[in-house]
Amino acid sequence: MVLLIAWKRFIELSVPLPAVSPPAIAVEGVCLRHKVLIVTGTRPQFIKCAPLIEEILKHRDEIDLGLVNTGQHYDKMMSEVFFEELALPRPVLELDVGSGSHATQTARIMVGMEQATMRLDPELVIVAGDTNTTLGSALGCVKLRIPVAHVEAGMRSYEDMPEETNRRLTDHCSSLLFAPTRTGVRNLYREGIQGKRVLLSGDTMLDLLLRNAPYIDHVGAEILERQRLSARRYVYATVHRAANVDNDRSLTNIVADLSEIADELPIFFAIHPRTRKRMRDVKIRRLSGKLLLHRPVSYLQSISLTKNAALVITDSGGLQKEAFLLGTPCVTVRKNTEWPETLLGGANRLVAPMRGCIRNAFNDALRARTRSRVSTRNRLFGNGKAAVRIAEGISKYLKCPHQYRDQPAYAR
Amino acid sequence: MERAKYLSVLVVAGTRPEIVKMGPVITELERTSTPYVFLNSGQHYDFELSQLFIQELGLPEPNINLRLSASNPSEQIAEMILKISRIIRNTRPTLVAVQGDTNTVLATALAANREGAKVAHVEAGLRSYDLRMPEEYNRRLADHLSDVLFAPTHHNKQTLLGEKVCGRIEITGNTVVDAIQQYWHLAQNESIDFPYESYILATIHRAENVDSKDVLREFVRVFKEAPFPVVLPLHPRTKKRLKQFGLWRRLIGDGSQVQVLKPVGYLRFLRLMKYCTCILTDSGGVQEEVTSPLIRKRFVLMRISTERPEAVKAGFGVVAGCKAAVILRELGRVVTMKKPPPARSPYGDGRASRRICTYLRSTL
C-alpha cells in the first residue's frame, strides 16, 4: 500500500519524457547517427583516448565521432607526435588555448567548448583524465545541458592539488562515468555517485599497452643503443607536477638526489618543458654527467624505456601505472597516489621530495627487487578490453539517455 | 589587531538573491568592524539596477564592481573566473565567501581554488537531484570546492557528509531569516495597491518550466482556475515565452482574474507575501522566505523536486509537480486549511549571520 502511494506520487511529480530517444534510422541512404565529441588536449589524454577512439569508430553505423583538441599541451613533442604515433584522427576542431594560469586555461577551454558544442551540437561529450581540459570542457557542456561521459572517473588521491579538483568536479557533473578500477567505483559510491551511470570498465591505458607490446622490444633496442644504455642497467625518470617543480626547494632536492643516483646507475631523464624552464629559473647547475637530459619522448619510446629500466622514478600518474603493468619497480615522488593498486607488494613506493628520500627509496627498491605480477591476470586494471566496454556503454546510453538520470529526491 | 589590516574576507555577490542573503553577513561584518572587501560580480543585472537594489536594502556600496560583457552562461562564467582570479591575486584575501547556487558562486569558487585561496560557502548542502537545473551543478561543484561549508540545517549537513566533501561543515541556519528581520522595517513604507481582499501570489521564472510550452500551458490553466485572484509579478523572460507560445492572450484575456505586475522590488515583494492568502511558486528562495515568523504563509511548489525539503516537512507547503490538476487540488487543500503554519522557521532563529561572522573572524 505504501509502495502504491509512493508510486502514485512519483507519477504525479514526473515530467512527461520520451522513453526512448529517436533511434538511428537510415532515411533514403542518409544515416542519422548520434553525434558524439571526444575532447583531448594533453599528452595523457591522447594516450587514454586512442584505444577508445578506435573502438568507437567501429560503431560507425550508429555513432558519428568527432575529435576536439584544446591544445592545452602545445609543445610538438607533447602533442603532434601522438597524432601520428597513435593514429588519432584529425580533430574536427582545434581550440588553441595555449599556456596560461590554471584559471585562464580553464576559462578559455570553457568558452571554446561552449562554442564548439553550439556549432557541432553533439548528444554526448566524452572527456578523460583530470586536466584543465577535462574540467573546462565538462563545465562548458553541462551549462548547455549536454551530457558528459567521464573516462577514468573516481580516481582520488585526496591531496590538495588542481588535478584533484578537476577529477572531483568532473565526476560530479558527468552523466556517465567509467571507472578504471574497483577503487574508483568505491570512491564514487562514497561520494553519492552511484547507480546505472557508474560503470567499471577497466583502464584504457592497459588496452593500449597490450596492443603495443609487440613493438616494445624493437623500439627499446633502438633508443637504448642511441643513448648507450643497456637494459636493466639504467633508471627512467620524469618529473613535472606543480607541487614538485614550482617549489624551488623540492626541485633542487629532487635534482640533487637524481644526480647522486646517476653516479651509481645512469638515469634517462625525460624532461617536461615546464621542468626545463624551472630548472633554468632556479639555476641548477651541478649535474652528474650520467644524468641524461632528454626532451619528452613519444608513447612507444616511453613504454619501451619503462619496460627495460631497472627502476622508474616519476611523479606522473600514468607512468606509475605503466611501470606496474610492465613489471618495473617504481619510486613515486608524491605524498599520495590515485592508483593505490600499484602499491601492492611494494612495487611502487611513495616518497616526499626531500633530500635523501628518493635516494633511500632507490636503494630499497633495488635491494628488494620487487616486481609486480603482470596484471592482465589479476585484472586490477581490467582485462585489456576497457575501450570495448566503454564504447558499448556509450552506445547503450545513447539509445535511452533518460534511464541514466539521477533520480529526484522524492523518487528515491 | 594590527595584522587584520592585511587579512580580509572577500565577499562576493552578483544576483539579487545573493545580495539579499549576503546582506546580513555584510552588515554583521561591518558591525564587528571585520576587514572585508565586497565584490559585486554583476552577473545578471545592469550596473545601475544592481546599485539601486543594494541601496534599497541599505547595504554598503560594493568596493569592486565588475562589468561583464558576455551574456551566455559559459562565457559569463569564464569571464568571471578570469576577472575574479585577478582580484584574488591582487587582494590576497584570507577567505572568499560566496552564497547560494548561481554562476557567480561557481566561478568565484573555481577562481579561488585555482589561485589557492580558501572558500567559504554560505547555504551549502542543498540538493534537488534534478539535473535539468543548472543550479544543481553549481551547488554540487561549489560544495566540493569549499574549505568551509555553512550548512543551513542538519539535513544539509548530512547530505554533505554523505558526499564526503573536503571542507569543514558548520550548521548555522539560513541567513534569509536574518535578512527579512533586517529589511522588515524598510518594507513597511511600500504600498500595495490593488482591490483584492485575498489573493494568491504567484512567481514563475525557472528555465526548465518557462522554456517548456507544455508546462507553461498547465501553469496558465492553474492561474485561471485558482480559487482566488492571482497576482503575478512577471519576469521579462517569462513574458517573452508566454507571448512566443501564444499563451499571453489567454492569460490576461477578458474576465481574467490574473493581475500581472511588472517585476517588483524585494521590499515590495515582502509586502505582497505578507498579505497574500498563499503562494504559488517555482522559486527556491521563496520556500525559505515564507517560513520567516514575520511572514508565515503556506506555499504550493510547482516543481517536481525541491532542494529545501525542510519547509515541506515542517508543514509550510507541498511539492505539487507541473500538472494543473495536481496543483489545483493541492492549492484547494492549502487554501482551506484552518490551522496556521508553524510559528518557528526550520531555517534557524535569525542568528545565522552572526554565527557565520564569528566563524569568519576566527579564521582571520
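**Exercise 1.** How many helices and how many strands make up the secondary structure of chain A?

*Solution.* In this predicted model, the secondary structure of chain A comes to 16 helices and 15 strands. Burial may be added to this count: of the 412 residues of chain A, 50% count as buried. The contacts complete the description: among those between residues at least 6 apart in sequence, 72% join residues at least 24 apart.

**Exercise 2.** Determine whether Lys8(A) counts as buried or exposed, and locate this residue in chain A.

*Solution.* Begin with the location: Lys8(A) belongs to helix α1 of chain A, which covers residues 2-13. Next, apply the cut-off, by which a residue is exposed if 12 or fewer other C-beta atoms lie within 10 Å of its own. Lys8(A) has 10 C-beta neighbours inside 10 Å and therefore counts as exposed. Finally, consider a distance: Lys8(A) and Pro401(A) are 393 residues apart along the chain, and their C-alpha atoms are separated by 23 Å.

**Exercise 3.** Compare the expected span of helix α1 of chain B with the distance between its end C-alpha atoms, and then describe the helix further.

*Solution.* Helix α1 of chain B holds 16 residues, 16-31. At 1.5 Å a residue it should span 22 Å, and its end C-alpha atoms are 22 Å apart, so the two values agree. Within α1(B), a kink of about 40 degrees lies at Met22(B), shortly before the proline Pro24(B). As to burial, 13 of the 16 residues of α1(B) are buried, so the helix is largely enclosed by the rest of the structure. Just after α1(B), Ser33(B) adopts a positive phi of about 40 degrees.

Note on methods: Residues are numbered from 1 along each chain as its sequence is written. Chains are lettered from A and ligands numbered from 1 in the order in which they are written. This is a predicted model: local features need pLDDT of at least 70, side-chain atom pairs count only at pLDDT 80 or more; totals for chains, interfaces and linings use all residues. Helices (H or I, at least four residues) and strands (E, at least two) are DSSP runs, numbered from the N terminus. The expected span of a helix is 1.5 Å times one less than its number of residues. The bend at a residue is the angle between axes fitted to the seven residues ending there and the seven starting there. A residue is buried if 20 or more other C-beta atoms lie within 10 Å of its own, exposed if 12 or fewer, and partly exposed in between; C-beta atoms are placed from the backbone. Two residues are in contact if their C-beta atoms, placed from the backbone, lie within 7 Å.
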